[in-house]
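Trainee: I should like a close look at a single part of this structure, taken residue by residue. Please set out its surroundings in one connected account.

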Amino acid sequence: MNLIEKCSAAAAARSINQYCPPRCFELAEKQFRFVIDTGEETGEYVLDFTDEEHLTWRKGGDEPKAETYECRKADDWTYLLTYCLDGVRPKINHTWVIDREQGLVTFLRCVTGENAFYPYIIDSHFGFGYIAVGGEEHTDIRRHGFTGDVAGTCVKWTYGHNLSTVHVYHDPHWYRIAYPKNAVDTEDLPDASKKFRRLMKKMPGSDEPAQYVKIKDDMYLVSVTEQNLEKILGDEFGFRSDTLCFLDNWKRMYSVGRAFGTMTVDGADRDLFVMIGKYGSPGEADESFFTDPVPYRV
């Protein structure tokens with residue numbers, strides 16, 4: 001029996017989810033108090049993990065709200081935690097980077113509906129703080145924060161046995177996407193990926209807004225949102241301003257992440273929320289990917 005022939009198509013159908021690592025259950029039955037004192041989302045948050053899939057969260061003195069969560073680890077001490085607010089419209093996603101090594105935390109709140117002209121556009125709001133421990137005073141003034149360290153990097157990310165892309169981080173506020181010159185893509189590449197490549201040719205450029213957060217040495221949270229694709233192609237593209245965030249571990253050259261947004265298929269919208277895993281290797285891109293001006297800004 002040739003297991004590649006037997007399993008390849010089914011594995012490829014998982015697309016960017018194929019190499020996602022198993023869920024992490026280490027936070028079950030634990031409680032955390034996060035103090036966000038820097039950025040847009042300041043306040044005190046309490047997260048109570050009731051089991052391997054469910055938690056409650058509250059901000060300040062608000063009533064706790066129950067959610068279903070996903071958690072993955074980027075290293076031994078750093079967690080990517082994410083959940084979509086149940087029953088809330090416009091849709092909202094919370095993503096946390098819980099850095100138990102340094103006692104720090106990053107909060108990313110992504111929400112649709114804030115743009116009056118493009119209702120599918122997702123906006124991202126960041127807050128930075130620390131993990132409160134009992135009655136102890138947190139004396140470390142350092143926080144995770146925005147950085148330009150990543151600019152100048154070109155990496156090939158492999159999401160599955162036949163799916164890879166090249167990310168070019170050419171600017172502290174933007175990124176570009178390309179495809180490997182020695183592509184591993186095969187005939188069973190998902191139809192969505194083939195459509196993506198075809199429609200990208202209609203765009204002035206592949207640039208999309210990006211935010212880069214330094215978590216620790218050689219670990220960065222990268223958040224990108226497909227806003228220009230939504231503004232220009234709309235439902236033709238199908239993925240409606242989806243936002244992707246990746247917790248990239250450059251010491252091990254792998255990453256865990258999540259995608260959040262909306263898919264429009266045959267005129268009907270459906271929610272998108274999926275976990276992602278990928279592996280990195282040196283990428284190749286023409287010099288123009290680093291030097292061409294961004295076509296969406298003056």
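Mentor: In this predicted model, Asp99 belongs to strand 7, which covers residues 92-99. Asp99 has a relative accessible area of 0% and is therefore classed as buried, the cut-off being under 20%. Apart from neighbours within four places in sequence, the residues in contact with Asp99 are Trp77, Thr78, Leu104, Ile131, His144, Ile215 and Lys216. Two of these partners deserve separate mention for their side chains. The side chain of His144 forms a polar contact with the side chain of Asp99 at 3.0 Å. The side chain of Lys216 is likewise joined to that of Asp99 by a polar contact, here of 3.5 Å. As for the start of the chain, Met1 lies 98 residues from Asp99 in sequence, and 45 Å separates the C-alpha atoms of the two.

A further topic is enclosed empty space. Rolling a probe the size of a water molecule over the atoms reveals where such space remains. Across the whole structure, the search returns one cavity of 30 Å³ or more. The volume of the largest cavity is about 40 Å³. Its lining consists of Tyr175, Ile177, Phe196, Met200, Ser206, Glu208, Glu226 and Leu229. Strand 13 (174-178) and helix 2 (191-200) are the elements that contribute two or more residues to this lining. By residue class, the lining of the largest cavity comprises five nonpolar residues, one polar residue and two charged residues.

Notes
Residues numbered from 1 in each chain as written. Predicted model: local features only at pLDDT ≥ 70, side-chain atom pairs only at ≥ 80, totals over all residues. Heavy atoms only, no water. 1 Å grid on protein atoms, 1.4 Å probe; cavity = no way out; pocket = protein on both sides within 12 Å on 5 of 7 lines; lining within 4 Å. Points joined across faces, edges and corners; volume = space filled by probe spheres on them. Helix = DSSP H or I, 4+ residues; strand = E, 2+ residues; numbered from the N terminus. Nonpolar A, V, L, I, M, F, W, Y, C, P; charged D, E, K, R; others polar. Buried < 20%, exposed > 50% of the residue type's maximum accessible area, 1.4 Å probe, protein only. Contact = heavy atoms within 4.5 Å. Polar contact = N/O pair within 3.5 Å; in protein donor to acceptor, adjacent residues only side chain to side chain.
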